[in-house]
Amino acid sequence: MNCLICGSSNIETIDTVVSDFVMARINSRFTPGSNYKTKLCFCRKCSFAYYDYRLNKEEEYNLYKNYRDETYQKTREYYECWYTKKVNEIINSDEIALKEQQDLIKSMLFNITDKEIKIALDYGGNEGKSFVDEIGTRKKYVYDISGIKPVNGVETISNHLDLKSYRYDFIMCNMLFEHLSYPMVDMKKLWDIGDEDTIFYIEVPSENPFIKGSKFSLSKNLKLAFNPTYNFYKLAKYYFKIFQGPFMPMKEHINFFTEKSLKKMLEMSNFKAIAVCESNRNSKLGNSKVLSALFNKI
Ligand SMILES: [Zn+2]
């Protein structure tokens, strides 16, 4: 499969499978051992990494429906023993990571503009928690199809066609593109709902399984065992299991960005980058790195 971002055929691949947990969510008849095969791919031209198995609409729906509810947590713990109820609850209410995300968005946005951001949209933003007061002073919209109730002061748009009924000063999209089967299709959708004055913001994890010393390295993961959130025994058991199996079975993150590939995605979608940066992100579950881009239409 050619690179999903730049179209190059210069791709390095590693054979692997779809993880047990994702299989169980997308295929009700799944039994361990009957996992779909896939390849983890790396584009030598733009450095984008991805799996060549792409979820279809129905599989995507089944994987993400009632995301992180009790059924999700129990199924996940069954296959990934470290994913306890406590871990799930912390991910659902991590105010440390949320505050850092809000501060980053504010600093990038208000570094480049002193214009009031009156109408703002959080594309794919669940209940709209990422908003701060200064963003969307007149109206805060969230585009979300899960049916989750928005937080106070935020209005949900659940139909994609309705997105075009408004004009936005700012459109943000946080921690979504690493999950999307067809990222370029969603970039086109973003392009369609903004105008020449709209400022856009995307945030994704900074991770690449093909780069040594990345978050996927054994030493980085062993550090997690000393985080009190995790059960040391369960985490050790889990890593023992996965190091015996195929390399990095496909989980929820199916796209892995670098600064270079994120810039390429903007360029290929007719956007112009204003600023792209990598930052540290502290969270209750451990520290990570995120990439964020501020951009507008060409
Ligand atoms: Zn590429």
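Biologist: Among contacts in the protein chain between residues at least 6 apart in sequence, what percentage join residues at least 24 apart?

Modeller: Happy to start there, with a note that this is a predicted model: local features need pLDDT of at least 70, side-chain atom pairs count only at pLDDT 80 or more, and totals for chains, interfaces and linings use all residues. Residues are numbered from 1 along each chain as its sequence is written. Two residues are in contact if their C-beta atoms, placed from the backbone, lie within 7 Å. Of the contacts at a sequence separation of at least 6, the share that joins residues at least 24 apart is 66%.

Biologist: Good to know! What radius of gyration does the protein chain have?

Modeller: The radius is taken over C-alpha atoms, and the globule rule is 2.2 Å times the number of residues to the power 0.38. For 298 residues a compact globule would come out near 19 Å, and the protein chain agrees with a value of 19 Å.

Biologist: Into which domains is the protein chain divided, and how many residues does each give to the contact?

Modeller: The bounds come from an automatic or database domain assignment. They give domain 1 (11-93 + 207-256) and domain 2 (95-206 + 259-297). The contact takes 19 residues from domain 1 and 17 residues from domain 2.

Biologist: Which strands are at the edges of the open sheet?

Modeller: Strands here are DSSP runs (E, at least two residues), numbered from the N terminus, and two of them pair if DSSP finds at least two bridges between them. Four strands form the open sheet in the order β1-β2-β3-β9, with antiparallel pairing. Each edge strand pairs on one side only, and these are β1 (11-17) and β9 (255-256).

Biologist: And which residue in β2 is the bridge partner of Ile14?

Modeller: β1 pairs with β2 (residues 37-43) in the antiparallel sense, over seven bridges. In β2, the partner of Ile14 is Leu40.

Biologist: Let's turn to Gly286. Why is Gly286 classed as partly exposed?

Modeller: Gly286 lies in the loop between β10 (271-281) and β11 (288-297). A residue is buried if 20 or more other C-beta atoms, placed from the backbone, lie within 10 Å of its own, exposed if 12 or fewer, and partly exposed in between. Gly286 is partly exposed because its count of other C-beta atoms within 10 Å is 16.

Biologist: How far apart in space are Gly286 and Ala97?

Modeller: In sequence, Gly286 and Ala97 are 189 residues apart. In space, C-alpha to C-alpha, their separation is 9.8 Å.
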